[in-house]
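Biologist: Can you walk me through this one? I am new to reading structures.

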Amino acid sequence: MGKELLQEGILVRGQSCGVGLALCRRLLEEDGRIHLCIACRNEQKSEATRDLILATHPAAQVSTVEMDLGNLASVLRAARELRCRFQRLDFIYLNAGIMPNPHVNFKALWHGLLTGRVLHMLTTAEGIMTQTDRLNGDGLQEVFATNLFGHFMLVRQLQSLLCGNEKPSRLIWTSSSNARESAFSLSDYQHAKGQESYSSSKYATDLTSVVLNRKFNDQGLYSSVVCPGLVMSNMTYRILPVFLWKLLMPIMWLIRFFAKTYTLTPYNGAEAHVWLFKQKPEYLDSLVKYHSCTSGLGRCYVEPRKMDVDEDTAEKFYQKLLELEEQTLEKYHDLLD
Ligand SMILES: NC(=O)C1=CN([C@@H]2O[C@H](COP(=O)(O)OP(=O)(O)OC[C@H]3O[C@@H](n4cnc5c(N)ncnc54)[C@H](OP(=O)(O)O)[C@@H]3O)[C@@H](O)[C@H]2O)C=CC1
Ligand SMILES: CC(C)=CCC[C@@H](C)[C@H]1CC[C@H]2C3=C(CC[C@]12C)[C@@]1(C)CCC(=O)C[C@@H]1CC3
């Protein structure tokens, strides 16, 4: 049997951009026998994405499942369907992510350009980006729910397909260089009070991956985090308009000589995801984030960087996630087997 793979966060709406779609295509280039299962928010998007993949890989095995990560009932339904369809899953790419209402502080950006930390600012967006979050239909902060908790619930619901298999199973979370400890707080882990919900959700992702390794490595489940670098996708096109990004492109190619995380294309951004696909998980460091990088001359490579995570905080956060999971399962008990 080829590798069975659940992939999320694939670009739809008929455009060929987004890390998810590039990732699917690159994985099929690595191994045409894999079974890709793509999770999209509705049937139309699933079909459109499937067609985009089949256009370049006509012989690929691609199935679809409907799942809205911002809606826990939808996650539970999808997990139930996947448990019926698959006996095991070798990889889950937890790649979906949102950054609603992004706001760039151009004054801070301008000041930053004149300081010694300009490269740090241009690669992490530290101090220059904020977002406005809101509550979703489940009463959770939307960014936390979509970027982290929906994924977490999915993993927990699919545990029987991921643990205790002959071969290890893998979780690969798409985090970000924008993940920052100072944006995250255990007492406000959904980030209801601040304006850096994206940064907080990505730091929460890093914590979750670390703690999942501690809990599940002995059952054959391994988790890793990747950063795709700065990629031109729907997400970045909501930060600045497309024409501005196009105007900035020559500057960004120049910056790339100094900032290797300016991967810029979804293909380059998926480098770390694909690299991890080929690694033996036992040899990976769970405290490392794998960054997709592109050199000034366009060569793609992966750079491991130690994460700024405290394992004690990770454990406490995990307990909070379990509490929230319990409340969710109580609420949706009719959707369980
Ligand atoms: N672009 C960048 O510079 C960077 C991106 N990242 C991360 O990379 C990942 C991919 O982003 P990217 O490809 O750039 O952006 P896109 O906006 O192109 O892709 C985001 C994907 O997430 C999916 N998604 C969003 N909300 C939901 C939901 N509620 N349920 C299911 N799927 C959902 C989207 O589906 P739909 O089409 O239905 O909206 C889309 O396929 C994200 O996690 C992002 O945070 C990290 C660092 C930098
Ligand atoms: C000259 C130039 C590149 C100008 C663009 C300024 C800003 C709009 C970007 C500088 C750093 C970028 C960045 C992101 C978005 C766009 C910037 C703020 C992200 C936050 C996008 C999503 C992520 O996950 C991390 C990125 C870090 C860098």
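Biologist: Among contacts between residues at least 6 apart in sequence, what share join residues at least 24 apart?
Modeller: In the protein chain, 74% of those contacts do. Two residues are in contact if their C-beta atoms, placed from the backbone, lie within 7 Å. Before we go on, this is a predicted model: local features need pLDDT of at least 70, side-chain atom pairs count only at pLDDT 80 or more, and totals for chains, interfaces and linings use all residues. Residues are numbered from 1 along each chain as its sequence is written, while chains are lettered from A and ligands numbered from 1 in the order in which they are written.

Biologist: Fine. How many helices and strands are there?
Modeller: The protein chain has 13 helices and 10 strands. Helices (H or I, at least four residues) and strands (E, at least two) are DSSP runs, numbered from the N terminus.

Biologist: And what is the radius of gyration?
Modeller: The protein chain has 19 Å, which agrees with the value near 20 Å for a compact globule of 337 residues. That radius is taken over C-alpha atoms, and the globule rule is 2.2 Å times the number of residues to the power 0.38. Along its principal axes the C-alpha trace spans about 60 × 50 × 40 Å.

Biologist: What percentage of the residues count as buried?
Modeller: Of the 337 residues, 48% do. Buried means that 20 or more other C-beta atoms lie within 10 Å of the residue's own; 12 or fewer is exposed, in between is partly exposed, and C-beta atoms are placed from the backbone.

Biologist: Strands next. How many residues of β8 are buried?
Modeller: For β8, residues 221–227, 7 of its 7 residues are buried. Leu221, Ser223, Val225 and Cys227 are on one side, with Tyr222, Ser224 and Val226 on the other. In a regular strand the side chains alternate between the two faces of the sheet.

Biologist: Which way does β7 run against β8, parallel or antiparallel?
Modeller: Strand β7 (residues 169–174) and β8 run parallel, joined by 6 bridges. Two strands pair if DSSP finds at least two bridges between them. One bridge partner in β8 is Ser224, opposite Ile172. The chain gets from β7 to β8 through helix α8 (residues 197–216), in a right-handed β-α-β crossover. Right-handed means that, with the strands pointing away from the viewer, the path from the first strand over the helix to the second runs clockwise.

Biologist: What joins β8 to β9?
Modeller: There are 3 bridges between β8 and strand β9 (residues 288–294), and the two strands run parallel. Val226 has Tyr290 as its bridge partner in β9.

Biologist: Now His273. Buried or exposed?
Modeller: His273 is buried, because 26 other C-beta atoms lie within 10 Å. This residue lies in helix α12 (residues 271–277). Leaving aside neighbours within four places in sequence, His273 is in contact with Leu23, Tyr93, Ile172 and Val226.

Biologist: Change of topic. How many residues surround ligand 1?
Modeller: There are 28, and the closest are Gly18, Ala96, Gly97, Ser233 and Met235. A residue is near a molecule if its C-beta atom, placed from the backbone, lies within 6 Å of it. Helix α9 gives the most to this shell, with 3 residues.

Biologist: And which residues are closest to ligand 2?
Modeller: Val104, Leu122, Ala125, Ser176 and Asn178 are the closest of the 18 residues around ligand 2.
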